[in-house]
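Please find below my comments on the model you sent. They concern two helices and one loop residue.

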Amino acid sequence: MAKDLDTILHSRQADFQSDLIDWLKIPSISSDSRHTQDVHAAADWVVEKFRSLDLEVELIPTEGHPLVYAQTPPVPGAPVVLVYGHYDVQPVEPLDKWVTGPFEPDVRDGNIYARGATDDKGQVLTHIQSLAAWRETGQPLPLQIKYLIEGEEEVGSENLQQFLKTESERLACDVVVISDNSQLGDGKPAITYGLRGIIAFELHVDGPVRDLHSGSFGGALANPANVLCRMMSELIDAEGKIQIPGFYDDVRELSDAERAQLAKLPFDESRFAKQVGVDALVGEPGFTTNERRWARPTLDINGLTSGHQGEGGKTIVPSTASVKFTCRLVPDQNPDKIAEVVKERIAAICPPGVRHRLEIGHGGGGMLASIDSPYMAAAQQAIQRSFGVTPFLIREGGSIPIVAEFQEQLGAECLLLGWGLDDDNAHSPNEKFCLADFHRGIRASAYLWEELAAKS
């Protein structure tokens, strides 16, 4: 006799949580070569999880960290779903800001705290545990699911992009399901239909051959730190308008209808400001806060390095200075074109007396999904059944560069179903994931397979 899906989902909650804790203990920091073995261990963990579910699974080596691919049997006449996620995580510094160790998962106040809890181990695991629940019912899965879990999302997904170009036939699907983002707010589940793209840079400005005494040499030569600050201030003005010729040429503007739809979302600006710890919200004139952070391009300094960083003073003219910065892009902006106009602008504003070098990092385009597809309707119904409320349709300002590649290479719809919250501290100390939302996400995922099959 087939078992009831809801009964299984409820009875297995402790087991699902235990699995999450085990995976979160692995320090799979993809950007740090000291953790290469840990990254592989995290891949091995998910391989073994798929094997325990009797899936056909493969650990695929790349020039970097491996891909994990698994699939259930085909179901004739039913849609094919590709679930994408990543098992790599961000660095953990500053360590002194963590209440408990970043790889010592701790449950408190209804949340689980650890690096990777919400980004993305906890969220992608919901779509694996939902399959485990379906298997336990004894009923056949109503569609085919393919899983593609990578270990380089936090460093640009370069090897996955190459894999996608050569293995698009293997990955062929009707819809891609991704949970690597957030709800609109607590108790406000959402489906994200738009993401921004990204292009990353590191600018180095070099001056004298060594650090010099600021009393003996200050005022007689260009200070690389001073020059770097002036150069960066010429890239973006005080109001957030980017001062790079050609930067806005391809920006897809918001329609009046979409601006009206976004304006209807329940969003409290004062609460948002309090949440992030500022006394005022600022940005590009003529746009709301949500429009600025979801649908307008930006330029942000991510890190500055120069001169003496230790305790106390050291009166020098530093020999070098560097800055890491990123541009978030909107649909139709091409990362390669943006890299070129940034390069030209920096060359034009670099003054005599110093030398500059611009390194161009990872990039990817933005995306927009159809809000009128049957797959979107299926996702809305599944979330309604699990969370008890109709999900909001939102954009998000973050970047998952591979999503645009999925759209282009596979011609598939993309469903971005975020179970996290905007205060989950992704990329920051004390990253967390609400355990109630973890379990609601597993339920919604289990219902999603049923709802998608019904749309065939």
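The points below take up these parts of the predicted model in turn.

1. Helix H3 covers residues 36-52, 17 residues in all. From first to last C-alpha H3 reaches 25 Å, close to the 24 Å expected at 1.5 Å a residue.

2. The buried residues of H3 are Val-39, Ala-42, Ala-43, Trp-45, Val-46, Val-47, Lys-49 and Phe-50. A lysine, Lys-49, is thus listed among the buried positions. In an α-helix there are 3.6 residues a turn, so residues three or four places apart point the same way.

3. What do the buried residues of H3 pack against? Their partners are two helices, H2 (13-24) and H4 (121-137), and three strands, S1 (56-60), S2 (67-71) and S6 (144-150).

4. Helix H4, one of those partners, also has 17 residues and a C-alpha reach of 25 Å, close to the expected 24 Å. H4 nevertheless has a kink of about 25 degrees, centred on His-127. The helix is mostly covered, with 15 of its 17 residues buried.

5. Positive phi values occur after both helices: Asp-54 follows H3 with phi near 60 degrees, and Gly-138 follows H4 with phi near 85 degrees.

6. Ser-373 sits in the loop between strand S15 (367-368) and helix H12 (374-387). Is Ser-373 buried or exposed? Ser-373 counts as buried because its relative accessibility is 8%, and the cut-off for buried is under 20%. A polar atom of the Ser-373 side chain lies 3.1 Å from the backbone nitrogen of Met-376.

Methods. Residues are numbered from 1 along each chain as its sequence is written. This is a predicted model: local features need pLDDT of at least 70, side-chain atom pairs count only at pLDDT 80 or more; totals for chains, interfaces and linings use all residues. Side-chain values use heavy atoms; hydrogens and water are left out. Helices (H or I, at least four residues) and strands (E, at least two) are DSSP runs, numbered from the N terminus. The expected span of a helix is 1.5 Å times one less than its number of residues. Buried means under 20% relative accessible area, exposed over 50%, partly exposed in between (1.4 Å probe, protein chains only). Contact means heavy atoms within 4.5 Å. A polar contact is a pair of N or O atoms within 3.5 Å; within protein, one must be able to donate a hydrogen and the other to accept it, and residues adjacent in sequence count only if both atoms are side-chain atoms. The bend at a residue is the angle between axes fitted to the seven residues ending there and the seven starting there.
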